[in-house]
Structure formats: C-alpha cells, structure tokens
Amino acid sequence: MFDSQCLPSQDRVEAWRDITASALAPNEFTIDCASEFQASLRAANLGEAQVTAMTYASMASRRTPQLIRQSDPEMYAVGLILRGQQVIIQDRREAALSAGDLVVYSTSHPYATAVEVGRDTAASVVVQIPRDALPVSSNRVDRILARRWPGHGGIGGLLAGFLTRAATDTAPYRPADSQRLGGVLVDLITAWLAHHLDAEDQTPAESRQHMQFLQVQDFIHRHLGDADLCPSTVATAHHMSLRTLHRLFHAHAHGTTVASYIRYQRLSSARRDLADPRLATSPVRAIAARLGFPHPADFTRAFRARYGITPSDYRTYAHGIEAGTQG
C-alpha cells in the first residue's frame with residue numbers, strides 16, 4: 001500500500017520511485033511539478049500473478065538498458081487504463097491509450113511512457129506474470145508489445161472486467177483463493193494473447209501448429225495424475241513423433257521442455273492443493289500421488305527445489321496465514 005498524501009511533499013517522488021521499483025520494476029521518472037505530485041499504489045499477489053492498482057499525476061518514465069541489466073524480473077505486464085490519456089513506446093512501436101484500452105509490454109525490453117492529465121490523476125491496473133509462466137512463445141508475444149487493444153468487448157472485455165474488479169476490490173483473499181484466482185487470471189491472459197496472436201499469424205500452418213500445442217497442453221492438464229505421463233506418452237496420444245513434440249514445445253513454449261512443463265504443472269497443482277483448507281486432512285503423500293508423484297521423497301525434493309520449502313512446511317505456513325486472516 002502507498003499513498004503520497006501520507007508523506008511530506010518533498011519526499012513523495014523518491015518514495016514513488018522506490019515503491020514502483022519494488023512492486024513493478026525500476027524506472028527513471030521525470031515529474032515537472034514534484035511538490036504537487038500525487039500517487040497511490042495497491043499491490044496484491046494472486047498466485048504467480050501480481051496485480052497492482054495505481055493512480056498518478058502527470059509524469060514520464062523510462063526503463064533503460066542499464067536498469068534492465070541491473071534488475072530484470074523477466075515479467076510480461078498487461079496494463080488496463082482506467083482513467084487518463086497515456087502513451088507507451090517499446091520495440092519501435094507506440095501505443096496511445098485511453099480509458100478501457102489494454103496493452104502488453106515486457107520488463108526485459110527498454111520502454112518509455114508518458115502521462116499528461118493536467119491537474120487531475122490517471123489510473124490504471126497492471127498485472128505482472130513471469131515470462132516462463134505463460135505457455136506462449138516469447139517470440140510471438142514480443143510481436144504485439146506496445147500495441148493498443150480494446151477492452152470493451154469479447155475476450156478483452158472479460159479480461160478488463162477481471163482487472164477492474166481486482167483494482168477496486170479491497171476484500172482479503174484466503175491463500176487458496178488467491179492461488180485459484182491467479183490461475184484463472186493467467187489462463188485468461190493466455191487466452192487473450194492467443195486470440196490476438198492467432199489473428200497475427202500469416203500462415204495456416206502456424207495456426208494449425210498453435211492449435212495442436214493447445215491440445216497437447218489440455219491433454220497434459222487432464223492427465224497430471226497419471227504416473228506414466230511423460231513426453232513419449234504425450235506424443236503417442238497425439239499421433240506424433242517425440243521429435244515433433246519437442247519441436248512444438250520449443251516453438252510455442254519459449255524453449256520449455258515437455259518434461260519440465262509436466263513437472264511444473266504438477267508442482268503448481270500440488271501447491272494449490274496443499275493450501276486448500278478443504279484438503280487439510282488429506283496426507284501430503286496422497287496429494288503427491290494424486291498428481292503423479294508415487295514416491296513421497298521424490299515429491300519433497302522436487303517441491304523444495306522449486307519453492308525453497310518442504311510441502312509440509314508450506315502447508316503449515318499457508319494454513320497459518322488463513323487462520324490469521326479469519327481471526
């Protein structure tokens with residue numbers, strides 16, 4: 001939480017620079033009327049996604065190559081403009097945005113933004129997602145950075161509605177609810193990106209390949225509990241060679257291997273189940289077995305390697321936070 005009105009006027013710009021560097025990514029700011037600067041920020045984690053609602057006065061910002069070298073969270077950011085006229089420039093593309101518009105940009109590429117609202121304040125909501133959490137090739141996403149997309153209808157309207165509600169809802173979420181909502185948000189952004197990327201595809205072959213990749217993803221999600229789920233079984237189920245399957249993932253999952261994708265999805269599902277109070281009495285080994293980890297020791301090693309904590313300790317931590325929230 002941040003509100004510039006709680007600070008002396010001479011401290012507001014520096015505090016804004018610090019809070020945005022922590023919640024989003026480090027930027028350089030140019031603010032003409034620093035003594036009159038107003039801004040607010042509220043950030044919340046929804047699983048792997050972070051949603052940040054902001055208001056701010058007129059300003060310009062730049063994310064430079066030097067800042068990227070110093071700190072790059074390797075995120076894609078999807079922004080929804082709620083109020084005010086704004087401009088973003090990235091990868092030689094420029095998008096002029098107004099209320100209801102959506103845009104996607106990358107923390108790994110230099111960009112510049114400008115907001116001019118006179119004595120008023122602009123408002124937006126930004127959701128950041130790790131690049132490797134999106135099952136879409138980064139090469140494809142990079143093709144549509146800094147482009148204006150309408151958020152008034154269709155799948156853009158669904159995404160804009162979700163983000164608008166997230167920006168205005170101050171009710172606390174339980175850890176399990178946050179994980180579930182984060183999964184919904186990542187899926188919604190993936191569908192939104194795929195919708196525009198499919199329209200950008202120039203050849204029928206690319207469209208067919210992308211649809212094939214989505215079918216493979218769906219198959220993996222539906223069979224996470226199968227202990228024998230592996231690249232070869234996935235390839236066989238889709239009547240393709242193992243080499244073709246690996247090429248498909250290389251092209252559409254920015255180099256992620258099939259095996260690592262399966263493991264990641266299993267561990268993500270296990271983490272959600274461990275935080276779910278409805279499964280509090282289910283043994284950790286049962287959750288692991290249900291998600292394709294028949295050997296508890298293997299599951300514990302994989303979980304710790306991914307999240308830096310054992311499954312049992314994570315469950316204790318997640319349920320402890322929920323008990324505190326309820327209290």
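The following legends describe close-up views of a predicted model.

**View 1. The seven-stranded sheet and its edges.** Seven strands make up an open sheet with antiparallel pairing, in the order S1-S3-S4-S11-S6-S9-S12. Strand S1 (2-3) and strand S12 (149-150) stand at the edges, and because each has a single partner strand, one side of each is left without a neighbour in the sheet. The link between S1 and strand S3 (residues 39-46) consists of two bridges, and these two strands run antiparallel. Within this pair, Phe 2 is found opposite Leu 41 of S3.

**View 2. Helices packed on the seven-stranded sheet.** Helix H1 (residues 12-23) packs on this sheet, where it touches S1, S3, strand S4 (49-56) and strand S11 (122-130). The direction of H1 makes about 15° with that of S3. Helix H4 (residues 154-168) lies across S3, S4, strand S6 (75-83), strand S9 (101-106), S11 and S12, and its direction is at about 80° to that of S6.

**View 3. The five-stranded sheet.** Another open sheet is formed by five strands in the order S2-S5-S10-S7-S8, and here too the pairing is antiparallel. Strand S2 (28-30) and strand S8 (93-97) are the edge strands of this sheet, each of them pairing on one side only. On average, and with direction ignored, neighbouring strands of this sheet are turned by 15° against each other. Five bridges connect strand S5 (residues 59-63) with strand S10 (residues 111-115), which pair in the antiparallel sense. Arg 62 has Ala 112 in S10 as its bridge partner.

**View 4. The largest nonpolar core, with Leu 159 as one of its best-connected members.** This core holds 33 residues, of which Val 127, Leu 159, Leu 185, Ile 189 and Leu 193 touch the most other members. At least two residues of the core come from each of S4, S6, S9, S11, H4 and helix H5 (175-200), and H5 gives the most, with seven residues. When residues up to four places away in sequence are not counted, Leu 159 touches Val 78, Leu 102, Leu 185, Leu 188, Ile 189 and Trp 192.

**View 5. A second core, and helix H9.** Separate from the largest core is a second one of 30 residues, which includes Phe 249, Phe 299, Ala 302 and Tyr 314. The view also takes in helix H9 (residues 258-275), whose 18 residues reach 26 Å from the first C-alpha to the last, close to the 26 Å expected at 1.5 Å a residue. H9 is mostly covered, with 14 of its 18 residues buried.

**View 6. Two cysteines and their exposure.** Cys 6 has a relative accessibility of 65% and therefore counts as exposed, the cut-off being over 50%. Cys 33, with a relative accessible area of 47%, is instead partly exposed. A search of the whole structure for disulfides finds zero.

**View 7. Ala 289 in helix H10.** Ala 289 is part of helix H10 (residues 284-290), and a relative accessible area of 41% makes this alanine partly exposed. Arg 278 is 11 residues from Ala 289 along the chain, and the C-alpha atoms of the two residues are separated by 18 Å.

Technical notes. Residues numbered from 1 in each chain as written. Predicted model: local features only at pLDDT ≥ 70, side-chain atom pairs only at ≥ 80, totals over all residues. Heavy atoms only, no water. Pairing = 2+ DSSP bridges. Helix = DSSP H or I, 4+ residues; strand = E, 2+ residues; numbered from the N terminus. Contact = heavy atoms within 4.5 Å. Axes fitted to C-alpha atoms, helices over the stretch in contact; angles between N-to-C directions. Core = buried A, V, L, I, M, F, W, Y, C linked by side-chain atoms within 4.5 Å. Buried < 20%, exposed > 50% of the residue type's maximum accessible area, 1.4 Å probe, protein only. Expected span 1.5 Å × (residues − 1). Disulfide = S-S within 2.5 Å.
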